[in-house]
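Student: Could you take me closely through one part of this model, starting from an annotated stretch and moving on to the surroundings of the ligand?

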Amino acid sequence: MGIPLHNEKIITPKKHAQIIKDNQIKNGKWNLTADVVVIGSGAGGAVAAAELAKNGWKVVLIEEGGYFTPAQFNSDEFLSQSRLYRDAGFIIAEEQTISILQGRSIGGSTTVNWQTSLYPPEYVTTEWENRFGWKGYSREDMDPYINEVHTRLGVHDVPDNLVNANNNVLRVGGEKLGLKPLVLKNNNNGCIGLGRCGLGCPINAKQSAFLTWIPDAIEHGATVVSNMRAVKIKDGSVKTVIAEFTVDPYQKSPAEIIESMEIKAPVVIVSAGAIEGPALLQRSGIGNDWVGRNLKVHPTSTIFGKFNSDIKMFQGPPQSIVIKDGHNQNGTGYGYWLEAAPYRPTLASSLLPFYGKQQFGVMKDYNKYNAGIVLVRDGADGEANAKVEWSFGRRKVYFELTPTDGLNMLRGLKSLAEITVAAGATELVFPFTRFTEPVKVDVTTNFDWVLKESIRSGDLSVGSAHPHGSIQSAKEETLGAVDLNLEIYGHKNIFVMDASVYPTGLSVNPQITTMSVVLRASRNLAKQKEERTKI
Ligand SMILES: Cc1cc2nc3c(=O)[nH]c(=O)nc-3n(C[C@H](O)[C@H](O)[C@H](O)COP(=O)(O)OP(=O)(O)OC[C@H]3O[C@@H](n4cnc5c(N)ncnc54)[C@H](O)[C@@H]3O)c2cc1C
Ligand code: SF4
């Protein structure tokens with residue numbers, strides 16, 4: 001099949017003039033019809049578009065962000081963040097309780113993600129089945145889909161020579177303390193450890209959706225349009241999706257552009273991610289009150305450790321080692337995992353809990369710092385205290401850590417501090433805002449005090465790169481917004497296929513699960529073409 005360096009068939013703003021001419025478009029509005037409109041081109045949308053196109057559906061996929069390739073990926077953090085990330089880098093919750101990283105370009109978050117490839121453990125999928133009727137999602141049941149995804153993405157264990165110093169801190173420290181650091185799987189063909197995953201892989205090694213499922217969809221006839229934001233879905237026997245042109249940051253728009261699109265189709269798939277998807281449905285008046293509720297974020301907190309030699313946390317594949325020992329605390333299914341984070345300088349400095357001289361002091365020694373993160377499976381207290389709301393013309397995110405999730409975060413931070421010190425760190429930067437400088441440490445330092453720290457917003461810095469579960473799927477309408485086929489209750493032929501559909505905290509980095517779950521759902525839907533597209 002071959003992997004194109006630049007997919008000429010993706011409709012970017014440069015192609016608008018020709019399309020306006022060929023289709024005799026008046027007033028800048030392009031009217032199209034299709035069997036299905038897919039909104040969003042990330043882990044969910046790209047897979048759904050490819051699967052339906054392969055099965056003969058006429059697919060139109062629209063993506064709000066632009067189309068960028070290695071020729072445009074570069075290490076200018078401000079430029080790249082504004083081009084490739086939603087809200088130019090950070091989605092900030094109301095009251096500033098969390099900052100969330102999410103991609104916004106062709107490929108969605110997969111264009112900027114860190115390659116970790118996992119599927120949730122058995123106790124998560126069992127909880128899905130028992131509480132929400134999600135049957136057949138055990139690892140064993142899902143293996144055919146997961147294997148297909150792994151093959152398409154080139155998923156394999158990170159080879160030992162690519163485990164960087166940042167990840168090695170977890171391995172060395174974890175082993176010294178009798179824990180079980182494990183090697184992670186990554187998705188790439190030919191990664192040479194340039195460490196630029198978060199700004200787009202400059203050599204097309206990382207197998208993002210724009211290199212895999214999107215070309216598959218196009219090869220089977222899908223129309224893929226970048227820079228088009230769905231503003232509204234109108235329900236009916238034929239649905240209408242109204243979209244508006246969005247301009248790329250630092251990019252001059254061509255003189256002639258398609259300003260809006262109106263796409264009519266019997267089936268719509270919302271794959272706009274767990275933040276924008278619920279906002280789109282709410283402003284369209286579609287779905288029950290589970291839309292936007294129970295947003296899970298896989299909350300994350302960071303400890304930076306200073307070492308006597310260079311770590312260079314940005315070099316090499318971002319994530320190659322995981323420590324899972326803290327998961328499933330007391331058999332509850334809830335707890336924490338530990339991973340490394342490849343923070344670039346601006347990201348690192350923005351996560352330091354102090355400013356001025358002290359912040360500058362840490363950044364001066366940036367090369368000597370590692371970054372470890374705690375990831376908490378949210379939902380230990382029941383529903384998450386987080387939601388998305390579309391109100392007064394704005395998308396708003398609300399988030400607070402619940403008590404047990406907060407305790408699991410503190411447990412994880414204590415363990416991470418011990419591991420980092422065991423690996424040789426001499427100073428630690430904790431995510432507690434009461435600190436005004438790094439804390440000096442050695443192997444005799446006791447970290448029991450960490451468990452007593454405040455988890456209140458403003459006292460503890462929390463972030464996320466894994467928003468999910470804000471349009472959850474369940475066996476009945478009282479428990480979720482979409483049914484077990486991922487179709488919105490009360491809105492026939494409108495589906496949600498992305499990371500929004502998980503009924504509980506996923507517990508792992510979401511890309512592989514999202515692709516596998518969507519592959520299964522879209523394959524099912526594909527078989528129903530005749531009945532679904534009959535008007
Ligand atoms: C920095 C970073 C690192 C990560 N690392 C990992 C990792 O190592 N492993 C892992 O498993 N996961 C990782 N993730 C998360 C993973 O990539 C996402 O969970 C996954 O891609 C979610 O898939 P999705 O389809 O729900 O959303 P996305 O992949 O985010 O795609 C949604 C798309 O919809 C578009 N969209 C939104 N609104 C509209 C609209 N109104 N109209 C048109 N288009 C719209 C967006 O612009 C976006 O492109 C990471 C994420 C980030 C940001
Ligand atoms: S580490 Fe570098 S080479 Fe490897 S996938 Fe990421 S960006 Fe590409």
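Tutor: Keeping in mind that this is a predicted model, we can begin with the UniProt annotation, taken from an unreviewed entry, which places "domain: Glucose-methanol-choline oxidoreductase C-terminal" on residues 400-516. Over residues 400-516 the chain is 22% helix and 9% strand, and the C-alpha atoms at the two ends are 30 Å apart.

One element with residues in that range is strand 23 (494-496), which forms an edge of a sheet, the other edge being strand 9 (223-225), and each of these two pairs on one side only. The sheet itself is open and built from five strands in the order 9-3-2-13-23, with parallel pairing, and its neighbouring strands are turned by 15 degrees against each other on average, direction ignored. Within this sheet, strand 2 (residues 36-39) pairs with strand 13 (residues 267-270) in the parallel sense over four bridges, and Val38 stands opposite Ile269 in strand 13.

Turning to ligand 1, there are 42 residues around it, of which Gly40, Gly42, Gly108, Asp498 and Gln511 come nearest. Several elements supply at least two residues each to the shell around ligand 1, namely helix 2 (43-54), strand 10 (228-234), helix 8 (273-284) and helix 12 (511-526), and the largest share, four residues, comes from helix 8. By residue type, the shell around ligand 1 divides into 22 polar, 14 nonpolar and six charged residues.

Definitions and conventions. Residues numbered from 1 in each chain as written. Chains lettered and ligands numbered in written order. Predicted model: local features only at pLDDT ≥ 70, side-chain atom pairs only at ≥ 80, totals over all residues. Pairing = 2+ DSSP bridges. Axes fitted to C-alpha atoms, helices over the stretch in contact; angles between N-to-C directions. Near = placed C-beta within 6 Å. Nonpolar A, V, L, I, M, F, W, Y, C, P; charged D, E, K, R; others polar. UniProt positions renumbered as here; feature names shortened; annotations may be inferred.
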